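Me: Please take me through the terms applied to this model, setting each value against its definition.

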Amino acid sequence: MKVEQVFPMNSGIGKASYANNSSLQKTVISNVKASVEKSALEIYCNKLPKCMRIADLGCSSGPNALTVTSYILDVIMAQMISTNKNKPFTTFQVFLNDLPGNDFNTVFNQWLPTFHEKYLKNNNNEKLGKKPLCFVMAMPGSFYGRLFPNDFIHFFHSSYSLHWLSKVPSGLVGETGEALNKGNIYITKRSPNSVVKAYLNQFQEDFTSFLRCRSEEIVSGGSMVLTMMGSVMSNDPKHKMEIMGRVFNDMVSEGIIEEKSVDNFNMPVYCPTAKEVTKIIEDEGSFKLKKLQVYQLPWDTGFNYDNNINVDVNDNDDKYNRGKYVSDYMRAVMEPIFEKQFGESVMNDYFERFTHKIIESMANENWQYINLVISLTKESRLN
């Protein structure tokens with residue numbers, strides 16, 4: 001299964017949409033604000049481009065799609081105001097990238113008008129003497145292939161996208177057709193080494209392709225800030241997808257879904273270790289690794305972050321509400337893929353069961369997200 005063949009997130013702005021269940025991702029993006037501002041400001045000051053081009057890869061369809069662009073515009077506009085007015089006035093060109101099935105309509109109909117209201121109407125700063133010009137457009141396509149012309153983009157950003165593989169790894173089926181990762185939908189400590197190796201090989205291939213493509217598209221001296229889910233151990237990532245597999249196995253034991261539908265299903269995701277990411281960057285060789293930060297977040301990070309989370313306000317059980325919050329944002333991401341494999345009819349039952357499994361896991365296992373924040377630069381070429 002190729003990722004492009006499955007619509008990646010629940011679209012629209014309804015209760016189960018990604019747009020209304022992305023508070024976790026909002027928190028993750030806010031945690032890289034300083035890194036984004038520093039990297040973007042460095043290239044602006046070094047290049048003073050007449051048009052600064054920014055690309056957000058894997059932008060999805062929620063209100064977070066333009067958050068990093070807002071950070072960059074704020075810091076560069078402040079720099080323009082604080083320096084000589086006679087320096088070249090920079091305009092901005094922003095490319096929002098995701099797979100062709102992404103709900104770009106919601107981004108441009110729902111969130112872009114608010115963005116333009118802030119930057120094109122309210123920021124006619126007298127010290128600049130001009131309104132900032134920012135042109136935003138969609139760039140659909142897989143970031144594992146080429147997206148832009150050579151030497152074109154000044155700054156790339158990607159958040160919670162690069163752990164998605166281009167396809168389910170090959171090598172998960174034995175010579176006689178048996179499922180090698182039987183009973184799991186992702187790597188667990190029960191997965192054989194051949195499964196772990198197959199996932200790592202696919203990630204190495206995909207991330208190497210990503211770096212090679214961006215190295216052609218980025219200008220000399222350009223920067224990237226990438227955030228992805230990671231793990232401490234490749235063969236025991238302790239990810240929520242293990243909990244999701246447990247729910248499917250419960251439904252198999254009750255005769256609700258077929259055993260073979262679980263055995264033959266593997267998620268196209270890999271959460272690498274910091275060591276694995278570093279080695280791929282060094283082996284590919286196009287970028288200098290400036291910084292790799294590893295930090296953890298609880299699964300219920302972002303709970304009550306804003307007013308758009310879908311919890312039952314009449315339920316006083318805080319544990320249930322937190323578990324439901326986690327289940328809802330996972331549903332917004334995973335439901336299209338699960339529906340394709342297991343059918344729409346079991347989804348409500350599945351995610352209610354998943355809510356209770358999450359509550360149990362948060363109480364007893366206390367697993368957390370491992371996040372990798374990677375800051376890279378394309379070294380300046382000598383003239």
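Me: What makes strand 7 mostly covered?

Reply: Strand 7 comprises residues 368-377, and 9 of its 10 residues are buried. Buried means under 20% relative accessible area, exposed over 50%, and partly exposed in between, with a 1.4 Å probe and protein chains only. Strands are DSSP runs of E with at least two residues and helices are runs of H or I with at least four, numbered from the N terminus. This is a predicted model: local features need pLDDT of at least 70 and side-chain atom pairs count only at pLDDT 80 or more, whereas totals for chains, interfaces and linings use all residues. Residues are numbered from 1 along each chain as its sequence is written, and side-chain values use heavy atoms, leaving out hydrogens and water.

Me: How do you know that strand 6 pairs with strand 7?

Reply: Two strands pair if DSSP finds at least two bridges between them. Strand 6 (residues 288-298) is joined to strand 7 by 10 bridges, so the pair qualifies, and the two run antiparallel. V294, for instance, has L372 in strand 7 as its bridge partner. On the same criterion strand 5 (residues 218-230) pairs with strand 7 through 8 bridges, again antiparallel, and G230 is bridged to I370.

Me: Why is the pair of F338 and F342 called stacked, tilted or edge-to-face?

Reply: Rings of Phe, Tyr and Trp (its six-membered ring) pair if their centres lie within 6.5 Å; planes under 30 degrees apart count as stacked, over 60 as edge-to-face, and the rest as tilted. The centres of F338 and F342 are 6.2 Å apart and their planes meet at 75°, so this pair is edge-to-face. Both residues lie in helix 9 (residues 318-342), 4 residues apart, about one turn of the helix. The structure holds 26 aromatic pairs.

Me: How do you know whether F338 and F342 are buried or exposed?

Reply: F338 has a relative accessible area of 0% and F342 one of 10%; each value falls below the limit for burial, so both count as buried.

Me: Why is the pair of F338 and F351 given the name it has?

Reply: Their ring centres are 6.3 Å apart and their planes lie at 25°, so the pair is stacked. F351 belongs to helix 10 (residues 347-364) and F338 to helix 9, so the contact ties together parts 13 residues apart in sequence. Like F338, F351 is buried.

Me: How do you know that helix 9 departs from a straight helix?

Reply: The expected span of a helix is 1.5 Å times one less than its number of residues. With 25 residues, a straight helix would reach 36 Å, but the end C-alpha atoms of helix 9 are only 30 Å apart. A kink of about 60° lies at M334, shortly before the proline P336. That bend is the angle between axes fitted to the seven residues ending at a residue and the seven starting there. Of the 25 residues in helix 9, 19 are buried, and the helix is followed by G343, whose phi is positive, near 95°.

Me: What makes K33 a charge over the ring of Y71?

Reply: A charge sits over a ring if NZ of Lys or CZ of Arg is within 6 Å of the ring centre and within 35 degrees of the ring normal. K33 lies over the face of Y71 at 5.3 Å from the ring centre, so the distance condition is met. R53 is likewise over the face of F152, at 4.4 Å. K33 lies in helix 2 (residues 33-47), and its relative accessible area of 33% makes it partly exposed.

Me: How do you know that C134 is in no disulfide?

Reply: A disulfide is a pair of cysteine sulfur atoms within 2.5 Å. For C134, the nearest cysteine sulfur is that of C51, 9.1 Å away, so the criterion fails. By this rule the count for the structure is 0 disulfides. C134 is buried, at 5% relative accessible area.

Me: Why is D151 called buried, exposed or partly exposed?

Reply: Its relative accessibility is 41%, between the two limits, so D151 counts as partly exposed. D151 sits in the loop between strand 3 (134-138) and strand 4 (153-159), and has a positive phi of about 50° although it is not a glycine. K238 also has a positive phi, near 50°, and lies in the loop between strand 5 and helix 6 (240-253). At 33% relative accessible area, K238 is partly exposed.
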